[in-house]
Amino acid sequence: MKMFKSYDESDIERRLFRDSTQDGLMELLLGVSMVGLAAASASLLFTPLYIAPLAFGRHISEAIRRRYTYPRIGYVKLREEPTGRSVVGVLLYEFLVLTGTAAAFLLLFGDIANFRLWARWSPLIISALLLGLFLHLRGRSGSLRYLALASISVAAGFVLSVVNIDLTFPHLFGELGPGAVLYFLFVGAVMIVSGVARFAYFVSRSPVAPEEGA
């Protein structure tokens with residue numbers, strides 16, 4: 001009797017998503033935006049560097065993928081998650097993080113209305129908010145690199161919350177103190193390096209597929 005191997009639909013989706021993001025462009029653009037945000041906290045002249053990847057990231061990545069990615073691995077349109085459910089999930093997660101933070105402040109410091117307290121621990125709070133994104137990407141792709149980025153992010157958030165740094169940034173997240181700005185700068189730089197390294201590795205190891213009939 002001929003046996004047919006059964007496939008798990010969720011496993012197939014994870015493989016497709018992992019393959020579609022193996023070029024590193026996702027973390028590269030997010031990293032550029034984070035570095036741009038940190039730079040704009042020092043000078044508003046860098047604001048476009050922060051906004052452009054967020055506003056036009058999909059168009060930028062699509063243009064690059066048409067040139068470098070799709071000729072190597074082909075093009076597959078992934079099933080998109082329902083927008084409404086995604087937004088609700090993000091808002092619920094952020095609410096839980098902020099509520100948990102407020103409860104921790106009340107328990108440890110007896111105060112949740114002190115802005116300086118929130119500012120002091122803002123790097124760790126921001127890293128906790130971004131943790132949801134990394135875990136979501138880990139779940140969709142099954143890739144360990146998102147767990148590595150999550151670990152670096154949380155570690156940087158903790159260190160920059162604990163260490164007292166005497167710097168001043170006049171704009172954007174500078175009001176939260178230097179820790180938040182340095183967090184975006186450091187984690188953004190890590191993601192840029194990761195994205196560039198993955199893109200270079202992807203291009204070097206994946207030859208362009210020959211055209212049909214060539």
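## Overall architecture

Helices are DSSP runs of H or I spanning at least four residues, and strands are runs of E spanning at least two. By that rule, this predicted model has eight helices and zero strands. Read from the N terminus, the order of elements is α-α-α-α-α-α-α-α.

The protein has 214 residues, and 32% of them are buried. Its accessible surface is about 13500 Å². Carbon and sulfur atoms account for 67% of that area. Consider contacts between residues at least 6 apart in sequence: 72% of these join residues at least 24 apart.

## Helix 3: bend and buried residues

Helix 3 covers residues 47–73. It carries a kink of about 75°, centred on Phe 56. Just beyond the helix, Gly 74 adopts a positive phi of about 85°.

Which residues of helix 3 are buried? The list starts with Thr 47, Pro 53 and Gly 57. It continues with Ser 61, Arg 65 and Thr 69. Tyr 70 and Arg 72 complete it.

## Three positions along helix 3

Ile 60 sits in helix 3. Its relative accessibility is 32%, so it counts as partly exposed. Setting aside neighbours within four places in sequence, Ile 60 contacts Leu 29 and Ala 52. Ile 60 and Leu 29 are 31 residues apart in sequence. Their C-alpha atoms lie 8.8 Å apart in space.

Ser 61 is also in helix 3. Here the relative accessibility is 10%, and Ser 61 therefore counts as buried. A polar atom of the Ser 61 side chain lies 3.1 Å from the backbone oxygen of Arg 58. Apart from neighbours within four places in sequence, Ser 61 is in contact with Leu 25 and Leu 29. Leu 29 is thus a contact of both Ile 60 and Ser 61.

Thr 69 belongs to helix 3 as well. At 1% relative accessibility, Thr 69 is classed as buried; the cut-off for that class is under 20%. Leaving out residues up to four places away, Thr 69 touches Asp 23, Ile 64, Gly 74 and Phe 202. One of these contacts, Gly 74, is the residue with positive phi just after the helix.

## Salt bridges

How many salt bridges does the model contain? The count is three.

Arg 65 pairs with Asp 23, with 2.9 Å between the closest N and O atoms. Arg 65 lies in helix 3, while Asp 23 lies in the loop between helix 1 (9–20) and helix 2 (25–42), so this pair ties together parts 42 residues apart in sequence. Arg 65 counts as buried at 14% relative accessibility. Asp 23 counts as buried at 0%. Asp 23 is also among the contacts of Thr 69.

Glu 27 and Arg 145 form another salt bridge, at 2.8 Å from N to O. This pair links distant parts of the chain: Glu 27 is in helix 2 and Arg 145 in helix 7, 118 residues apart. Glu 27 and Arg 145 are buried.

Arg 66 and Glu 62 also meet in a salt bridge, at 3.5 Å from N to O. Both residues lie in helix 3. They are four residues apart, about one turn of the helix. Arg 66 is exposed, with 58% relative accessible area. Glu 62 counts as partly exposed at 24%.

## A nonpolar surface patch

Which residues form a nonpolar patch on the surface? They are Phe 158, Val 159, Val 162 and Val 163. Together they present about 330 Å² of accessible area.

Phe 158 is placed in helix 7, which spans residues 145–162. At 46% relative accessibility, Phe 158 counts as partly exposed. Helix 7 is also where Arg 145 of the Glu 27 pair is found.

Technical notes:
Residues are numbered from 1 along each chain as its sequence is written. This is a predicted model: local features need pLDDT of at least 70, side-chain atom pairs count only at pLDDT 80 or more; totals for chains, interfaces and linings use all residues. Side-chain values use heavy atoms; hydrogens and water are left out. Patches are made of residues with over 30% relative accessible area and no salt bridge: like charges are joined within 9 Å, nonpolar side chains (Val, Leu, Ile, Met, Phe, Trp, Tyr) within 5 Å. Accessible areas come from the Shrake-Rupley method with a 1.4 Å probe; for residues, only the protein chains shown count as cover. A salt bridge is a side-chain nitrogen of Lys or Arg within 4 Å of a carboxyl oxygen of Asp or Glu. Buried means under 20% relative accessible area, exposed over 50%, partly exposed in between (1.4 Å probe, protein chains only). The bend at a residue is the angle between axes fitted to the seven residues ending there and the seven starting there. Contact means heavy atoms within 4.5 Å. A polar contact is a pair of N or O atoms within 3.5 Å; within protein, one must be able to donate a hydrogen and the other to accept it, and residues adjacent in sequence count only if both atoms are side-chain atoms.
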